[in-house]
Amino acid sequence: IAKDQGKNNFQLNRAGKNKQVFEYMELENDLRKALEREQFVVYYQPQININTGFVIGVEALVRWQHPERGLVSPAQFIPLAEETGLIAQISEWVMREACRQARQWQVEKSQYFKVSVNLSSSQFQQMDLVDKVRRILQETELHPQYLDLEITESIAMHNIDFVIAKLKLLELLGVHISIDDFGTGFSSLSYLKKFPIHTLKIDRSFIQDITTDPDDASIVTAIRWMARSLNLDVVVEGVETHEQLEFLRTIDCDKVQGYFYCKPVPAREFERLVTLGELMI
Ligand code: C2E
Ligand code: MG
Ligand code: MG
Ligand code: MG
């Protein structure tokens, strides 16, 4: 009987595995068609200067409006998009859409702030990245100073000379560069003085327990002072509570992004919040 059960378990597992593989293939198939079916949406999350309450930028965060699954988060489909090579087209679409929207807010509402776009690692490796960015800026008529490109430390660590050369070209173009999820990359800090970057975005894992965990508090404080002496700006991600905000105030971190102020929302919703005065530009 035990043997039979073992066999049954095995079959069950295999059936489960097959189902997983099948689901994965189905998702990949759907992802291939998602662009032409216009199923991607860009959400926007403001970055706030806590001293003035003003919006100083917005991060563009992609979502996939799947006909059956509903809103799929990037954490679920970006890895799949990377694996299948679909990331290049999706990312290009997100960048164009974010730049178009930022320019529209300037022209129609006289609202000027930076829009941040995340670069995937394969996107950063593309030989024609700089040309693509230049072309998108020309097409959308967005001035480069209003585009911020977010790269992670792991991208930055790939091939230092190549990365420096590429970042310098982007700098010449006039765009702004941020290091995303800063502090999670276990990388050498020496790149901070070699790279033409402007902003460190402190990862939200350090903020979660900042009011109760002295280690996290020390890490964020140290990053803040290091950034100041290197002339880098700091944006703190994942601020959810008033207590976290008050702590950040004491260490002079004045630029934040997080649910405390606003979750990522569709463009129309963002406009509504601004119109209601809940967000100030
Ligand atoms: P990220 O670039 O670090 O973006 C910040 C993430 O933190 C977003 O998740 C945002 O919704 C979330 N977040 C912001 N404030 C809070 C908070 O107070 N509490 C909590 N718990 N979370 C907060 P999201 O939108 O799910 O995106 C996840 C990741 O997917 C992004 O992390 C980014 O790495 C990637 N991603 C999103 N859009 C794109 C894109 O267009 N291209 C690429 N290559 N990656 C993208
Ligand atoms: Mg980001
Ligand atoms: Mg981040
Ligand atoms: Mg992240």
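**Metal site and aromatic contacts**

With a relative accessibility of 11%, Glu237 counts as buried in this predicted model. The same description holds for Asp180, which is buried at a relative accessible area of 7%. These two residues meet at the magnesium ion (ligand 3), whose coordination comes from Asp180 (OD), Asp181 (OD) and two entries for Glu237 (OE), at 2.1 to 2.6 Å. Because Asp180 belongs to strand β6 (residues 176-182) while Glu237 belongs to strand β8 (residues 233-237), the pair ties together parts of the chain that are 57 residues apart in sequence. Read along the chain, the donors of this magnesium ion (ligand 3) follow the spacing D-D-x55-E. Asp180 also coordinates the magnesium ion (ligand 2), which lies 4.0 Å from the magnesium ion (ligand 3).

Turning to the aromatic rings, a search of the whole structure finds 12 aromatic pairs. One of them joins Phe40 and Trp64 in a tilted arrangement, with 6.2 Å from centre to centre and 40° between the planes; Phe40 sits in strand β1 (residues 40-49) and Trp64 in strand β2 (residues 54-66), 24 residues apart. Both Phe40 and Trp64 are buried, and together with Phe77 and Trp93 they form one aromatic cluster.

Phe113 and Phe270 form an edge-to-face pair, at 5.9 Å between centres and 70° between planes. Since Phe113 lies in the loop between α3 (87-109) and β4 (114-118), and Phe270 in helix α11 (residues 267-275), this pair ties together parts that are 157 residues apart in sequence. Both of these residues, Phe113 and Phe270, are buried.

Charged side chains also meet rings: the charged end of Arg63 sits over the ring of Tyr43, 5.2 Å from its centre, and Lys263 lies over the face of Tyr259, at 4.8 Å from the ring centre.

Notes. Residues are numbered from 1 along each chain as its sequence is written. Chains are lettered from A and ligands numbered from 1 in the order in which they are written. This is a predicted model: local features need pLDDT of at least 70, side-chain atom pairs count only at pLDDT 80 or more; totals for chains, interfaces and linings use all residues. Side-chain values use heavy atoms; hydrogens and water are left out. Donors are N, O and S atoms within 2.8 Å of the metal (3.2 Å for Na, K and Ca); water is not among the atoms, so sites may look incomplete. Helices (H or I, at least four residues) and strands (E, at least two) are DSSP runs, numbered from the N terminus. Buried means under 20% relative accessible area, exposed over 50%, partly exposed in between (1.4 Å probe, protein chains only). Rings of Phe, Tyr and Trp (its six-membered ring) pair if their centres lie within 6.5 Å; planes under 30 degrees apart count as stacked, over 60 as edge-to-face and the rest as tilted. A charge sits over a ring if NZ of Lys or CZ of Arg is within 6 Å of the ring centre and within 35 degrees of the ring normal.
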